[in-house]
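Biologist: Got a minute to go through this one with me? I'd like to talk about how its parts fit together.

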Amino acid sequence: MSNSKPLLGYHDLRGLAYPVKWALAYLGVDYEEKKYPLSQAGLEEYGAEKGNLGLDLPNLPYWKDGSINLTESRAILKYIARKEGNGVLMPSDPIVLAKAEMMENFLWDVWYFLVWRCFHDTEPFITSLKERGPPKWDMLHSFLGSNKFILGDKISYVDFMLYEMLYQYTLYDADYLERYPALLKYKSNFEEIPQIKKFIASPGYLKGPCYHPLFMKYKCQDLTV
Amino acid sequence: MSNSKPVFGYHGLRGKFWLENSFHTSKIAQPIRFQLAYLGVDYVDKQYPLTQEGAEEWAQEKEHHGLDFPNLPYWKDGEVNMTESRAILKFLARTEGGGKLIPTDARSLVNAEMVEGLLWDVWYGLIWRCYLDSEDMINALARCPPKLEVLNKFLGNKKWVLGDQISYVDFMLYEILHQYSLYDPKYLSPCGALLKLKANFEELPAIKKYMASPEYIAAPCFHPMYAKHKVVGLTC
């Protein structure tokens with residue numbers, strides 16, 4: 001019997017794939033998951049399978065939906081945003097889309113300050129996060145202003161990235177967003193979206209870790225362990 | 001008198017600027033410049049000199065360009081004032097030349113975005129190795145050849161990443177191949193398909209013409225004041 005549900009394959013953590021899961025929850029997409037355990041055995045399991053998954057550029061996460069096999073978390077997120085829910089999560093106007101992609105890339109860099117600080121736990125990454133992060137957060141906070149979502153009134157795929165980033169930063173430092181009331185408000189509003197609230201209450205929801213414990217030198221509860 | 005030509009602002013280098021002890025990356029410019037040349041777009045190429053004066057010039061101007069997230073490169077064309085090199089590259093691919101540099105069908109577009117993601121990882125391997133010049137970063141670079149070989153296999157007999165039609169992702173790919181070749185001329189030897197794409201790109205009439213023009217920046221790629229690993233053409 002063939003499996004007709006799409007399949008998301010990833011390590012058993014939140015990582016950079018959780019925006020995909022938020023989007024899937026928001027859109028009400030039914031899918032299966034292959035979760036690779038966070039152990040050497042889990043890595044070996046993936047290593048043994050990766051050549052046989054029908055992936056052009058094998059990596060984690062992967063998404064297989066019967067018509068396409070994909071990797072790269074942002075490509076997966078945007079593919080789903082275009083394909084599902086009548087494309088409600090993907091702006092169609094070229095100027096708005098340019099803003100969305102600008103935000104997407106801006107957020108990715110700010111996110112990676114945290115990822116690399118945790119991965120390396122050494123300079124220049126520790127100082128980078130400390131010194132280069134805040135000016136970027138200030139800009140982001142100012143840009144968000146009183147908007148409900150990052151692009152205005154309408155939710156888009158970028159919001160799922162932003163929320164996950166806010167969640168992970170507050171695991172790193174619970175007070176990180178205290179200087180940014182608009183971002184705190186944004187975060188709690190996101191958690192009140194009915195489909196999101198339902199997913200958070202579901203057994204499938206994972207509080208942490210976010211990054212792979214075997215690779216992260218910096219130890220932080222729910223973030224890297 | 002107002003200047004009606006669009007403005008592209010960046011450092012006077014091809015791409016990737018890294019401040020000492022920081023993670024600030026001012027992204028890539030050369031793929032955008034190549035794309036503008038390919039599309040025949042007339043624009044002002046505002047280049048900030050690779051000196052302390054250049055850095056100060058930018059620092060003084062940055063809040064006055066109407067940019068939501070002031071950074072280099074920026075693109076201002078009367079309709080948008082934007083930053084983030086990948087976003088600029090794709091915006092131009094959509095809005096110039098009838099949109100021929102970005103696919104509209106879902107499968108091709110997602111393939112382009114998938115390759116875009118892989119290319120970014122591969123690029124960072126080289127960037128960090130050159131800017132930080134540490135043992136960790138030299139070791140990290142070792143993760144890149146397998147990714148290039150996977151990409152080489154994906155390219156196969158295709159002329160461009162997506163097949164017969166060139167797209168924005170070929171402009172990113174070319175620049176990465178160029179920079180890796182400067183780092184080590186033998187680096188791409190196992191990747192025949194990628195080397196063929198590189199040569200084909202350089203033969204495109206619009207690209208050939210641009211590379212022969214006085215506007216073309218042959219070097220450096222990374223900022224000489226901050227890149228610790230010295231390689232002629234790449235970092236100095």
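Biologist: Which side chain does A:Arg74 meet in a salt bridge?
Modeller: That of A:Glu104, with N to O at 2.9 Å. Keep in mind that this is a predicted model.

Biologist: Okay, and where are the domains in chain A?
Modeller: The assignment puts domain 1 of chain A at 7-88 and domain 2 at 94-193. Their C-alpha centres are 22 Å apart.

Biologist: How many salt bridges are there between domain 1 and domain 2 of chain A?
Modeller: The count is four. For residue pairs in polar contact between domain 1 and domain 2 of chain A, with both at pLDDT 80 or more, the count is nine.

Biologist: Which helices supply residues to the side of domain 1 of chain A that touches domain 2?
Modeller: Helix 1 (18-27) and helix 3 (73-83) of chain A, with at least two residues from each. That side of domain 1 divides into nine nonpolar, two polar and three charged residues.

Biologist: And how many residues are in contact between the two domains of chain A?
Modeller: 14 residues of domain 1 contact 17 residues of domain 2. About 1,500 Å² is buried between these domains, and carbon and sulfur atoms give 65% of that area.

Biologist: Changing topic: what does UniProt say about residues 93-213 of chain A?
Modeller: An unreviewed UniProt entry annotates them as "domain: GST C-terminal".

Biologist: How much helix and strand is there over residues 93-213 of chain A?
Modeller: In the model it's 69% helix and 0% strand, and the end C-alpha atoms of that stretch are 41 Å apart.

Conventions:
Residues are numbered from 1 along each chain as its sequence is written. Chains are lettered from A and ligands numbered from 1 in the order in which they are written. This is a predicted model: local features need pLDDT of at least 70, side-chain atom pairs count only at pLDDT 80 or more; totals for chains, interfaces and linings use all residues. Side-chain values use heavy atoms; hydrogens and water are left out. Domain bounds come from an automatic or database domain assignment. Contact means heavy atoms within 4.5 Å. Buried area is the accessible area (1.4 Å probe) that two parts lose on being put together, summed over both. A polar contact is a pair of N or O atoms within 3.5 Å; within protein, one must be able to donate a hydrogen and the other to accept it, and residues adjacent in sequence count only if both atoms are side-chain atoms. Helices (H or I, at least four residues) and strands (E, at least two) are DSSP runs, numbered from the N terminus. Ala, Val, Leu, Ile, Met, Phe, Trp, Tyr, Cys and Pro count as nonpolar, Asp, Glu, Lys and Arg as charged, and the others, Gly among them, as polar. UniProt positions are given in the numbering used here, feature names are shortened, and annotations may be inferred rather than shown by experiment.
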